[in-house]
Structure formats: C-alpha cells, structure tokens
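Visitor: I would like a close look at one part of this protein, the aromatic rings. Please take me through how they pair up.

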Amino acid sequence: MAVKVLVITAIAGLALLSAACGGSSKGADKPAAKTTPSSAASTAATTTIPTQEGTSETSAIAATSQTVTPATPAVTATPVPPTATRVPATVTPVPPAATPIPPTATPVPPTATPAPPTAPPPPVAVGVDGLSFSPSVVDIAVGSSVTWSWSTFGVPHDVSGDGFFSGAPRTSDTYTAHFSTAGTYQYECTVHHGAGMVGTVNVH
C-alpha cells in the first residue's frame, strides 16, 4: 500500500513538472516576470523509491516554497491608570450653639412675721390702809402698770409722783399709772405726806 502511494505521488510530480515546462515554452515571447521576494519559487527534488522487484523509480517532486511574511509584532497596550482628581471637601462651618444662661434668681428677703402683741401683765394693786399705802413699795417690769384704789369714809386721798398724778383728793377713787421706762419712782398723798403716807415704784 505504501508503494502505491509513493508511485502516485511521483506521477503527480512529473505531471506538474511537464505542465511547468509547457507553460514556459508558450510564454517565451513574453517578457519574463519580475521575481519579488513575495513570489513563489519552485524547486524540483528527485527521490529514488525502491519497488518490490528491486528496481527503483525516480520521481520528481516539486517542492513549492511559500513566502513567509513576517508577523507584525503585537502591540501591547499599556494600561494607563485613571488619574483621580482630588476634589477638596467643602466644610461648612457650624456656628457654635449659644449656651443658655440660666436666669439669676433674685433673692427675696424673708418677710419678718410680726410677733403677736404680748398682753400686758395685769396692773399691780396698791390700797390705802389708814394713812399709808399698802404695799408701799412695788417692783414691776417695763411696760407694766400700777393701780391705786381706796375708799375711806370722810378722809380724802390722792396719788402724786414724778410724771403721774391722780387729780384732786377724793374719799373714794381708782387711779392707774403706766410705766414704760425703767427707773425708781417716788410718790405720795399730798394731803397726808406729813404723816408719812408715801410709796415707791421700782420699774425694771
């Protein structure tokens, strides 16, 4: 089988060679075409192929060389990183919040509660015993009073002291004197002062 393939190949080579020779004789009158590096060049190669009978057949194999066009080098695209434009951030100033000032409390002075009025002590009673005051000496506090009372049938009396006086002598009378200043107050009966009818009020 291999021998048949070789024979067929050789025959095909001879046919190509004959066609080339015939073509060249027909075109002898024509000017020869210029050969460029890009045109094809044919080369005849002779190969001896052994057969089964030990003979050899020579076949011409036309080897056609093709012009190899150099490949255009691929252009490698260098990626350009995008340039980021920095946009400065706009900072809007925030005005400071006003700190509220608490209202100042106006101190209210305490209202003095007036003390209820103190009831004056009852007056000290002084009577008349014969021709003398009884008691003849009394001690009282500032703001106190002394009340003299008498009723003597037919004998008039009065009370006369420094800053106080009961009036004209009477046989029956009641008289009260108020003492608002501390001190010692002497008094007498103007009718019987010679008989020793005198008294003393000590105000503390």
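Guide: What follows starts with the whole chain, goes on to the aromatic pairs, and ends with a histidine in a loop.

The model is a predicted one. The protein has one helix and 11 strands, and along the sequence the order is α-β-β-β-β-β-β-β-β-β-β-β. Of its 204 residues, 18% are buried. The accessible surface is about 15,600 Å², and carbon and sulfur atoms account for 64% of that area. Taking contacts between residues at least 6 apart in sequence, 47% of them join residues at least 24 apart.

Now the rings. A pair of aromatic rings is described by two values, the distance of the centres and the angle of the planes. Rings count as a pair if their centres lie within 6.5 Å. By this rule there are seven aromatic pairs. One of them joins Phe164 and Phe179: the ring centres are 5.5 Å apart and the planes stand at 80°. Planes over 60 degrees apart count as edge-to-face, so this pair is edge-to-face.

Where do Phe164 and Phe179 lie? Phe164 belongs to strand E8, residues 164-165, and Phe179 to strand E9, residues 172-179. The pair therefore ties together parts that are 15 residues apart in sequence.

Are these two residues buried or exposed? The cut-off for buried is under 20% relative accessible area. Phe164 has 8% relative accessibility, so Phe164 counts as buried. Phe179 is buried too, because its relative accessible area is 3%.

Phe179 also forms an aromatic pair with Tyr185, with 5.0 Å from centre to centre and 55° between the planes. That pair is tilted. Tyr185 has a relative accessibility of 16%, so Tyr185 counts as buried.

These three residues are part of a wider group. Phe133, Trp148, Phe164, Tyr175, Phe179, Tyr185 and Tyr187 form one aromatic cluster.

The last stop is His157. This residue sits in the loop between strand E6 (144-151) and strand E7 (160-161). His157 has a relative accessible area of 1%, so His157 is buried. Its side chain makes a polar contact of 3.2 Å with the side chain of His192. With neighbours within four places in sequence left aside, the residues in contact with His157 include Val128, Leu131, Trp150, Pro169, Cys189 and Met197. His192 is also one of these contacts.

Definitions and conventions:
Residues are numbered from 1 along each chain as its sequence is written. This is a predicted model: local features need pLDDT of at least 70, side-chain atom pairs count only at pLDDT 80 or more; totals for chains, interfaces and linings use all residues. Side-chain values use heavy atoms; hydrogens and water are left out. Rings of Phe, Tyr and Trp (its six-membered ring) pair if their centres lie within 6.5 Å; planes under 30 degrees apart count as stacked, over 60 as edge-to-face and the rest as tilted. Helices (H or I, at least four residues) and strands (E, at least two) are DSSP runs, numbered from the N terminus. Buried means under 20% relative accessible area, exposed over 50%, partly exposed in between (1.4 Å probe, protein chains only). Contact means heavy atoms within 4.5 Å. Accessible areas come from the Shrake-Rupley method with a 1.4 Å probe; for residues, only the protein chains shown count as cover. A polar contact is a pair of N or O atoms within 3.5 Å; within protein, one must be able to donate a hydrogen and the other to accept it, and residues adjacent in sequence count only if both atoms are side-chain atoms.
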